[in-house]
Amino acid sequence: MQVNESSKEFKPCIVAFCCNWCSYAGADLAGSNRLSYPADVKIIRVPCSCRVNPLFILRAFQRGADGVILCGCHPGDCHYTTGNYYARRRMTMLFSMLDYLGIEKERTRVEWVSAAEGAKFAATMNDFISTVQSLGENRKLRDLRCKE
Amino acid sequence: MSSVNNEREEILRMSGVDPTKCMKCGKCSGTCPAFDAMEYHPHQFVSMVNKGNIEPLKQSNAIWQCLSCFACMERCPRDVKPAKLIEAVRLTVIREQGMNHLESENVPCMLDPELPQQAIVSAFRKYSK
Amino acid sequence: MHKIGVFVCWCGSNIAATVDVKAVAEAASKEPCVVYATDYQYMCSESGQNLIIDAIKEHNLTGVVICSCSPRMHETTFRKAAQKAGLNPYMVEIANIREQCSWIHKDMAEATAKAIVLARAAIAKVQLNKPLIAGESEVTKRCLVIGGGIAGIQTALDVAEAGFPVDIVEKKPTIGGKMAQLDKTFPTLDCAACILTPRMVEAGAHENITLHTYSEVEEVSGFVGNFTVKIRKKARKVKMDLCTGCGLCTEKCPMKKQPNEFNMGLDKRGAIYIPFAQAVPKVPVIDVEACLKFKTGKCGICSKVCTAGAIDYEQQDEIIEQKYGAIVLATGFDQIKPTKFGELGYSQYPDVVTSLEYERLMNAAGPTKGHLLRPSDGKPPKEIVFVQCVGSRGQSCRDKSYCSKVCCMYTAKHAILTKDHYPDTNIHVFYIDERTPGKNFDEFYRRAVEQYGVDYIKGQVGKVYEENGKLMVQGSDLLANEQITLAADMVVLAAAIEPDKTARSLGTMLTASMDTNDFFTEAHAKLRPVESPTAGVFLSGMCQGPKDIPETVSQAGAAAVKVIGLLTKDKLLGNPCVAHSDEMLCNGCSQCARVCPYGAITYVDKEFRVPGPKRVETRRVAVVNEAVCQGCGACTVTCPSTAMDLKGFSNRQIMSEVDAICK
Amino acid sequence: MVYSYYPGCTLKTKAKDLDMYARKSAEALGITLEEIPEWQCCGGVYPQAQDEIATKLSSVRTLNSAKEAGNDLVTVCSACHHVLKRVNDDMANNEYIRTRANNYMELEEPYAGETKVLHYLELLRDVVGFDELKKKVVNPLKGKKIAAYYGCLLLRPSGVMGLDDPEDPSIMEDFIKALGATPVVYPFRNECCGGYVTLQDQSLAQKKSNKVLGSAEAQGAEMVITACPLCMYNLKNNGTEHDLPVVYFTEILAEALGVK
Amino acid sequence: MQGIIEKVTELLDNGTVDRVLAWKAGEFSYDRTPAVFDKESGLYGLVYDSFCVNNLSKYLIEESKKDGKVLVLMKPCDSYGLNMLIKEHRVDREKIYVLGVPCKCKVSVDKIKATGLTGILDIVEEGNDIKVTTVYGDTTLDRKDVLCDKCMVCKDKVVVVYDEKIESDETAGIEKLDRMAEVEALEAMTPDERFNFWRSQLSKCIRCNACRNVCPICSCTKCVFDNDNTGISSKANVDSFEENMFHIVRAYHVAGRCTDCGECSRVCPQNIPLHLLNRKFIKEMNELYGTYQAGTDAEAKDPLTAFTKEDAEPSVIYNR
């Protein structure tokens with residue numbers, strides 16, 4: 001219950017990696033349609049979901065992100081034909097590892113958002129933010145090693 | 001106006017139907033086996049409920065004549081499910097106090113020795129609380 | 001040390017109403033390396049661009065950050081401006097503070113804070129940008145058109161007329177496509193064959209056009225200007241160069257029980273056949289599934305009667321490889337078989353036909369020689385019911401979600417033609433909406449109603465059943481608020497059209513994107529309607545979406561213009577944001593090549609000087625073909641030593657953005 | 001092969017034949033039907049409204065019993081089959097209904113549509129196989145022209161029922177063929193007989209029943225089979241313009257298997 | 001052992017090979033270190049016994065760069081590493097002569113010491129007995145009780161790549177443990193328990209890089225952690241991203257490539273169970289993408305450079 005109390009105030013830092021062809025365009029469409037989602041999300045444009053190194057996500061967490069989401073074209077619709085298939089496996093493995101390390105797995109997410117799915121983009125962000133808000137601030141990955 | 005709207009919302013909620021999906025093709029009414037026995041037809045249920053014009057439907061005999069054969073649901077190209085709307089209108093009527101369409105005291109006179117249980121059970125479920 | 005300039009756009013009030021642009025510029029000016037920061041009403045305007053150009057010159061800027069609308073909108077504009085000022089265009093970064101900030105947030109403080117973070121990320125990134133120079137590649141001056149219907153023929157003719165060689169690949173034994181099967185064309189009612197066949201002949205005879213009929217595209221590699229395509233020329237078992245097209249073989253073939261595809265299976269053809277009289281090329285093909293010679297080894301009649309000696313039972317498929325600069329998709333459409341609509345009786349009753357079957361029944365070269373006779377008993381129908389929108393505009397699993405666009409008009413055409421030839425026929429049309437936008441289209445439909453007395457009924461058919469030898473059509477008449485049952489002799493279903501089945505695999509081969517209905521998507525719905533998002537691939541005709549003949553021909557012409565524009569160029573500038581391998585770090589492990597979708601990575605053994613007594617060591621290192629690489633970055637993540645990086649989206653650039661955002 | 005079996009109320013009273021022949025035939029085919037203990041009436045009609053929870057509970061109990069027994073659930077009556085199958089679909093896919101129904105039920109483990117509901121005909125087609133069935137026929141019904149009456153409830157809505165093509169079904173025709181008889185296909189086999197309104201508006205029920213029987217007769221049928229006691233009653237008692245025998249499909253099955 | 005010496009001598013004498021990569025006795029009689037022998041030095045000191053635990057495959061990267069052909073003694077589990085090095089073009093197969101040698105599981109000196117024995121002078125293996133001479137006297141241990149941890153879960157005893165191999169039907173005579181049992185035990189914990197487990201383990205790291213240096217897969221020309229341009233390099237023991245994430249990044253880098261040879265955990269001076277990170281990836285990929293063992297052959301695509309259109313969505317992880 002405490003978490004809920006503080007989550008009203010808590011403004012999470014969310015990094016969204018969006019592929020240029022589908023999801024970034026989907027985010028633009030959400031903008032064109034004035035579909036709002038909290039300002040906590042900051043988008044980083046990448047050419048393809050397969051450009052996202054799991055390292056970037058770890059880096060974001062370690063630098064203080066509370067949630068990281070990766071958006072790409074729907075499987076089968078990748079601009080580069082196969083990029084998101086690789087991304088899907090890489091991210092699955094990353095999520096598995098984070099979970100294994102005891103990090104809340106809900107802090108990471110992968111969603112496929114097409115250029116036409118502005119509404120889905122906004123809805124996805126709203127949903128993701130509320131999930132991260134309910135988890136509260138991310139501490140675990142920042143101090144995976146304690147120096148005592 | 002607001003109570004009319006409330007009734008519309010209630011019917012939509014109960015039925016889970018979105019009448020705005022209808023493209024007014026008339027296939028439901030083209031397919032309905034009870035068409036001639038109903039003074040309001042399946043496509044009219046969809047458009048009238050959507051407009052909030054529900055009272056005439058509640059007063060109608062049509063809600064008791066629908067055969068629940070689901071042909072309109074099956075054949076609707078837009079997945080509107082008119083049969084669910086008709087049932088929802090019927091339910092709003094029988095859920096109102098004293099509005100059971102079928103009273104148990106009336107049943108014996110309708111009974112035919114061969115009539116299967118199922119006919120009575122389902123009639124009660126369809127026509128009364 | 002960089003000198004960064006930051007330019008914050010108001011976009012009129014689009015940005016400035018929600019984001020405090022002055023505060024953004026102010027905050028940006030305090031970021032490291034930023035030497036100049038300003039705001040302006042419209043950065044994309046000429047004066048806005050001049051402001052950027054002047055600032056670059058005046059402050060000797062080495063990097064520029066524009067806080068404005070989406071880079072998908074104006075990145076190119078600002079890059080060009082930078083270039084004008086003598087700055088490498090790739091030293092420009094955009095912070096998207098409109099679509100991803102001002103337009104979605106309401107609170108000014110919140111939006112401003114976010115805009116500052118986005119600006120900070122772009123500033124961090126631009127400091128790691130490197131000047132990039134786009135590579136050049138040659139253009140092969142040859143065009144491939146896939147599909148030999150009216151769309152493909154028209155594109156091919158237009159490109160060929162401009163002086164470029166064109167190859168048409170058609171999977172059927174003849175070009176002509178669906179239009180060849182049509183009887184008359186709306187709204188002028190001229191005969192389809194009369195206007196199409198001259199075009200077919202022209203294409204077949206054109207010095208710049210090569211026809212590959214009975215052929216399919218097997219494999220595509222390469223990129224815009226430099227595609228390499230493997231085409232499988234299926235064995236016709238008839239030598240094209242020897243055959244005179246006399247047709248004797250087709251007459252003598254004993255296996256005359258094969259359903260004739262050209263006539264929608266309404267009559268039969270032989271195992272060796274020419275699809276129709278005006279086929280181009282007029283060379284028969286042997287259907288080896290049906291041919292007695294291939295099934296039993298006996299027969300060989302066609303070979304015996306052929307005086308030219310053109311029959312070649314040993315003929316094998318042939319693979320030809322050719323290079324092209326541009327590829328046009330003109331794969332066309334099919335009409336769905338409405339077998340899933342059991343209530344309409346298509347599978348049960350032979351007299352329930354699709355509109356394409358009806359075309360053949362009306363056609364003088366069709367199975368009934370142009371006499372309208374119903375399939376079941378060969379009698380002329382007196383009552384005909386047309387049903388529109390069968391399988392179109394629906395949401396259920398058996399429907400297509402789109403409007404097939406041509407059905408309203410061809411149904412009116414069928415009605416008029418039928419009434420013209422057989423005035424005593426009664427025609428009823430069940431319609432939902434009568435859609436007739438187009439020159440002289442609505443007038444045409446009104447003629448059907450007013451002049452020919454066709455009975456248009458607003459409503460749909462719920463059930464078709466047989467009773468006493470009649471097809472009983474039960475449907476709704478919504479205007480009369482009645483359920484009616486008509487006793488008909490024939491029912492014609494305007495079944496939905498769908499993209500040709502081969503389109504999906506071609507789309508995969510070409511990495512040309514498709515929508516959920518398997519129509520090819522255009523690069524921009526309004527401004528680039530005949531280009532696929534994949535560079536060098538163009539769209540012509542129904543494969544992009546439902547359209548009628550005049551629209552198809554216009555689009556075919558437009559696609560040709562785009563092809564000509566491309567082929568006129570000698571060299572193409574590439575995308576410089578491609579992968580690059582640092583050979584000092586590369587292990588030569590091949591992981592990157594395993595994930596490259598373009599085959600852009602090769603390996604070479606290279607000698608390196610190393611410290612120690614043995615002065616030279618040979619290492620295997622990756623080399624990226626920058627003309628082939630499309631810049632997806634799959635390789636960069638798989639590289640364990642980070643030797644592979646992506647220009648413009650390097651590891652350090654992305655991590656600097658991450659750091660800036662998470663600060 | 002052991003299956004949980006739900007006969008339903010009508011099969012215990014007015015439609016004993018339907019039940020008895022189903023059991024005898026199953027035995028002859030090596031299938032054990034275990035009647036669900038203390039089953040309750042399914043209600044005879046599927047309550048379509050989203051908020052109808054209580055009226056679905058008896059079906060949920062039945063479905064859960066089968067789950068606990070670890071068996072697939074077999075039904076014979078079309079109406080019971082329809083109700084059970086659709087409630088099961090709600091429990092699997094409609095979270096609103098599932099949550100509320102489970103709140104009422106207080107089961108040890110919440111029920112979420114785990115049970116597979118099979119109609120007896122599906123058992124014959126998919127488990128026994130019509131080819132196998134054909135081999136077990138001892139009295140082939142040679143020369144008999146039989147029309148199958150599907151009605152509404154077995155087929156629609158096809159998305160949930162999934163028995164066969166709702167507009168052009170073949171399961172009962174294939175069944176008839178397997179018994180050695182000749183199936184008669186007629187257009188009204190999947191149109192409503194009006195059974196539900198027999199108490200409400202007998203004239204409508206009569207009209208619809210006559211239409212069905214007339215259509216079958218016109219195609220040369222000598223007999224109509226059905227899986228629904230209500231259809232059976234309705235066709236027999238309201239379809240008075242036509243003198244066509246109407247029997248349960250299990251009866252001709254038992255006859256062909258020689259266990260009648 | 002005698003067969004091995006004979007074979008090696010023969011190949012060296014007839015000129016098939018120029019050098020031999022094997023083990024020699026170290027400072028203590030039970031110490032075994034990798035060593036290169038040639039004609040000049042002779043095979044004096046070459047030894048192959050239950051203490052020869054080091055994975056020799058990685059040494060071949062440098063050895064195969066030299067002139068001439070090198071013979072290597074290859075234990076079954078090390079041969080997986082060699083296959084990976086061949087697959088990734090890190091060694092020149094032409095310049096290597098692989099002599100497969102049998103293995104009946106290796107004995108861990110650490111485990112012997114862990115029984116409480118101190119002042120060890122000598123350890124000798126006789127059949128299934130391990131005879132330990134200490135300054136306090138002699139003790140005999142059962143071999144089965146002091147086998148290396150990694151041998152308890154050994155994949156199999158087949159040399160997967162070789163030019164010639166020497167067979168033996170000797171076995172350790174132990175019941176192999178379930179390789180994934182430790183991973184499963186961790187999975188069964190609550191997230192907080194897991195976090196605390198890993199935090200306490202990883203906090204012990206002194207960044208000595210022993211794990212990286214021993215790993216046959218970690219063979220980059222230049223490691224990202226040594227490369228200033230990657231933005232993640234770090235050498236000192238500092239509390240930075242790199243430091244925090246070293247083992248995670250390393251596990252990810254070898255995911256789909258790790259042969260599970262267990263050397264990382266064996267050499268860790270802080271006894272961090274690093275193999276549990278790698279093994280988790282192996283387990284996950286086996287379950288999601290089909291069984292795959294890196295190093296089984298030198299051709300197969302590893303799970304992270306392959307895909308199927310029907311792959312599970314990443315949400316499969318949080319739907320568990």
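**Exercise 1: Where chain C meets chain A**

Task: In this predicted model, work out how many residues of chain C are in contact with chain A, and which elements of chain C they come from.

Solution.
Step 1. Start with the count: 37 residues of chain C are in contact with 37 residues of chain A.
Step 2. Now look for the elements of chain C that put two or more residues into this side. You should find α4 (71-84), α5 (98-102), α6, α18 (634-638) and α19 (651-662).
Step 3. Pick out the biggest giver. That's α19(C), whose 8 residues are the largest share of the side.
Step 4. Sort this side of chain C by class, and you get 19 nonpolar, 10 polar and 8 charged residues.

**Exercise 2: Where chain E meets chain A**

Task: Find out which element of chain E gives the most to the side that touches chain A.

Solution.
Step 1. Get the totals first: chain E brings 34 residues to the contact and chain A brings 33.
Step 2. List the elements of chain E that give two or more residues. They are α7 (191-202), α9 (241-254), α11 (275-289) and α12 (315-318).
Step 3. The top spot goes to α9(E), with 8 residues.
Step 4. As for classes, chain E's side splits into 22 nonpolar, 2 polar and 10 charged residues.

**Exercise 3: A helix pair across two chains**

Task: Decide how α4(A) and α11(E) lie relative to each other: roughly parallel, roughly antiparallel, roughly perpendicular or oblique.

Solution.
Step 1. Take helix α4 of chain A, residues 83-100, and look at its axis next to that of α11(E). The two axes come within 10 Å and cross at roughly 130 degrees.
Step 2. Angles of 65 to 115 degrees count as roughly perpendicular and those over 145 as roughly antiparallel, while the rest outside the roughly parallel range are oblique. So α4(A) is oblique to α11(E).
Step 3. Check the hand of the crossing: right-handed.
Step 4. Name the residues that touch. From α4(A) come A:Thr92, A:Met93, A:Ser96, A:Met97 and A:Tyr100, and from α11(E) come E:Lys280, E:Phe281, E:Glu284 and E:Leu288.
Step 5. Their classes are 5 nonpolar, 2 polar and 2 charged.

**Exercise 4: A helix pair inside chain C**

Task: Do the same kind of analysis for α13 and α14 of chain C.

Solution.
Step 1. Helix α13 covers residues 407-421 and helix α14 covers residues 441-450; they pack at about 40 degrees, with axes 9 Å apart.
Step 2. Angles under 35 degrees count as roughly parallel, and this pair is therefore oblique.
Step 3. The crossing here is left-handed.
Step 4. On the α13(C) side, the contact uses C:Met409, C:Ala412, C:Ala415 and C:Ile416, while α14(C) adds C:Phe441, C:Phe444, C:Tyr445, C:Arg447 and C:Ala448.
Step 5. Sorted by class, that's 8 nonpolar, no polar and 1 charged.

**Exercise 5: Cores in chain C and a helix in chain D**

Task: Find the helix that gives the most to the largest nonpolar core, then see what covers the buried residues of α6(D).

Solution.
Step 1. The largest nonpolar core has 220 residues, and C:Val6, C:Cys67 and C:Ala119 have the most contacts inside it.
Step 2. Helix α6 of chain C, residues 108-126, is the top contributor with 12 residues.
Step 3. Zoom in on C:Cys67: among the residues it touches are C:Val6, C:Phe7, C:Ala115 and C:Ala119.
Step 4. Over in chain D, helix α6 (residues 120-128) has buried residues D:Tyr120, D:Leu121, D:Glu122, D:Leu123, D:Leu124 and D:Arg125.
Step 5. Their cover includes α2 (16-28), β3 (73-75), β4 (117-119), α7 (130-136) and α9 (171-178) of chain D.
Step 6. Just after α6(D) comes D:Gly129, with a positive phi near 90 degrees.

Key:
Residues numbered from 1 in each chain as written. Chains lettered and ligands numbered in written order. Predicted model: local features only at pLDDT ≥ 70, side-chain atom pairs only at ≥ 80, totals over all residues. Core = buried A, V, L, I, M, F, W, Y, C linked by C-beta atoms within 7 Å. Buried ≥ 20, exposed ≤ 12 C-beta atoms within 10 Å, placed from the backbone. Helix = DSSP H or I, 4+ residues; strand = E, 2+ residues; numbered from the N terminus. Contact = placed C-beta atoms within 7 Å. Nonpolar A, V, L, I, M, F, W, Y, C, P; charged D, E, K, R; others polar. Axes fitted to C-alpha atoms, helices over the stretch in contact; angles between N-to-C directions. Left-handed = near helix turned anticlockwise from the far one by under 90°. Lists of a residue's contacts leave out its neighbours within four places in sequence.
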